[in-house]
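Good morning, and thank you for making time on the agenda. I would like to take you through one structure, beginning with how its helices pack. Please look at the display before I continue.

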Amino acid sequence: MASIVCDKLAKNYEGNPVVHDFSMEIADAEFIVLLGPSGCGKSTILRMMAGLEDISDGALHIGARQVNDLPPRERDIAMVFQNYALYPHMTVYDNMAFGLRRLKTPESEIKIRVEQVAQMLSLEPLLQRKPKQISGGQQQRVAIGRAMIKTPSVFLFDEPLSNLDAKLRAQLRGDIKRLHRQLATTSVYVTHDQLEAMTLADRIVLLKAGRIEQIGTPAQIYNHPVSKFAAGFIGTPAMNFIDCVASQENGMTVLDSGAAKWRLPQSLFAIAHGQPVVLGIRPNHMSIMGVDDESIEVQGRVDLVELLGAESLVSLLHASHEISALVPANRCPQTGTQVCFNVSINNLHVFDAESGRSLVLRH
Ligand SMILES: Nc1ncnc2c1ncn2[C@@H]1O[C@H](COP(=O)(O)OP(=O)(O)O)[C@@H](O)[C@H]1O
Ligand SMILES: [Mg+2]
C-alpha cells in the first residue's frame, strides 16, 4: 500500500517537451485513471512512475521514498500492458509463478499464492494450459494475475483492455473493479476510453497535450467540466456544441445561434456583452416531454433517427448545426418532422469560444 506524490513531473524527449508540470497526490488505495486522446502523454507519465522512463524534471514519491532514481524493480510496483506478452512455452501456472520464482520464494508458498490469485480471477480450470490454448480475455486475465502475484504497493495499467472486444472489455472492467475493492492496492490506469475511465476511476485525470486539463471524480467532470475539451471528452453520446454570440439585454444574457435566441439568467454565467461563446448541451438533457425547471427550447427538423435499443439518437438540424438528442425509443419523432426539445437551464454549459474555458458560475 502506498500513496503517490507527483511534484511538477516533466518529460522531454531530446528537448521536446511532452509532459509539463504534472502535479497531483494519489491517496493510498485510490484508483486513478489517466484519460486523454492518443499522444497526450498518458503512457509517458505511467512509465515515469514505473521507472521505465527517466524523469526530466520534478519529483516522484511512492510511499515515503523519492523514487526518481530507483530502478523499476525497487519501486514495489507491478505493471499490466496492452500486449499481455505471456511466455508462450509456459503454462498459465508457470507464467503466474514466474515473478515469485525469480525472488526464490519457496514452491509451497508460490502454490498457495497462485491458487489465491487464480481463484480471484476465475483462472483455476486453466492453470495447466499454455497461452495459445486460452482466449484473449483469459490471457489478459493471466497477465493481471501475474502482476498481482507479488502484492505490490502500486498497480500500473496501460490500456490493458484495448485489444479485447466490447463484451470482454466490459467483463474485465468489472473484474478489475472487484479486484480493487478486494485488494485496495493504489492503482493508476491509463486509457483513452472515457467509459472505462467513468466506470473504474475514483478520480479521473484528464490530460490534453501533456498538461492536466481537469482532475475530479467522474461525476464532477461530467457535471462540471471546466472546459469545452473536458465536456466533449466525457459522456456519450458527446455533448452538442452550438456557436453563439452573447449579449446583455434587460438584465438577461441572450445567446444568439443565428436560428434562435435563448434568454438566460445573468447570475449563472460570466458572459460579457458581444462575447463569442459556445453553448453546450448533452444529448440526454434534451427532453421531448418538457422539464420542471426553468428551461430553454431547442427546435429543429429531424434529419436522422438511430435506434440504439431502449433509446433512439435523434439528429436535429438547427440552422447549420447538427444537434443530437437521446430520447426514449417509444417517444421517438419521425424523420422530417419539426420538433421542439426542452433543456433545463441548470443543464446548460457555456464556453468561451476562443479559450474553451467554462463560463458557468455554479461550480
Ligand atoms: N521514445 C520517445 N521518443 C520521442 N518521443 C516520444 C517517445 N515516446 C513518446 N513520445 C512522444 O510523446 C508524446 C506522448 O506519448 P505517449 O505518452 O505515448 O502518449 P499516450 O500514451 O497518451 O498516447 C507523443 O507525442 C509521442 O510521440
Ligand atoms: Mg499510450
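Let me start with a pair of helices: H2 passes H3 in a right-handed crossing. I should say at once that this is a predicted model. Helix H2 covers residues 92-102 and helix H3 covers residues 107-120; they pack at an angle of about 130°, and their axes are 10 Å apart. That angle makes H2 oblique to H3, because values over 145 would be needed for roughly antiparallel and 65 to 115 for roughly perpendicular.

Which residues make this contact? From H2 they are Tyr 93, Met 96, Ala 97, Leu 100 and Arg 101, and from H3 they are Ile 110, Arg 113, Val 114 and Val 117. By class, the contact of H2 with H3 comprises seven nonpolar residues, two charged ones and no polar ones.

The loop between H2 and H3 contains Lys 104. Although Lys 104 is not a glycine, its phi is positive, at about 60°.

H2 also packs against a second partner, H4. The axes of H2 and H4 come within 7 Å and cross at roughly 30°. An angle under 35 degrees counts as roughly parallel, and therefore H2 is roughly parallel to H4. Here too the crossing is described as right-handed, with H2 passing H4. On the H2 side the contact involves Val 92, Asn 95, Met 96, Phe 98 and Gly 99, which meet Val 142, Gly 145 and Arg 146 in H4. Four nonpolar, three polar and one charged residues make up the contact of H2 with H4. Met 96 is thus listed in the contact with H3 and again in the contact with H4.

H4 in turn leads us to H5. Helix H4 spans residues 136-148 and helix H5 spans residues 166-183; their axes come within 10 Å and cross at roughly 25°. That makes H4 roughly parallel to H5, and H4 passes H5 in a right-handed crossing. The residues that meet are Gly 137, Gln 140 and Arg 141 in H4 and Leu 168, Gln 171, Leu 172 and Asp 175 in H5. The contact of H4 with H5 divides into two nonpolar, three polar and two charged residues.

I turn now to the ligand. What surrounds ligand 1? The residues around it are Tyr 13, Val 18, Gly 36, Ser 38, Gly 39, Cys 40, Gly 41, Lys 42, Ser 43 and Thr 44. Helix H1, residues 42-50, gives the most to this shell, namely three residues. In composition, the shell around ligand 1 has six polar residues, three nonpolar and one charged.

Finally, the overall layout. The domain assignment of the chain gives domain 1 as 4-232 and domain 2 as 237-352. The centres of domain 1 and domain 2, taken over C-alpha atoms, are separated by 39 Å. Five residues from domain 1 and seven residues from domain 2 take part in the contact between them. The side of domain 1 that touches domain 2 consists of two nonpolar, two polar and one charged residues.

One backbone detail belongs with this part of the chain. Is the peptide bond from Thr 236 to Pro 237 cis or trans? The bond is cis, with omega near -15°. Pro 237 has its place in the loop between helix H8 (228-233) and strand S11 (240-249).

That concludes the presentation, and I welcome your comments.

Note on methods. Residues numbered from 1 in each chain as written. Chains lettered and ligands numbered in written order. Predicted model: local features only at pLDDT ≥ 70, side-chain atom pairs only at ≥ 80, totals over all residues. Near = placed C-beta within 6 Å. Helix = DSSP H or I, 4+ residues; strand = E, 2+ residues; numbered from the N terminus. Nonpolar A, V, L, I, M, F, W, Y, C, P; charged D, E, K, R; others polar. Domains from an automatic or database assignment. Contact = placed C-beta atoms within 7 Å. Axes fitted to C-alpha atoms, helices over the stretch in contact; angles between N-to-C directions. Left-handed = near helix turned anticlockwise from the far one by under 90°.
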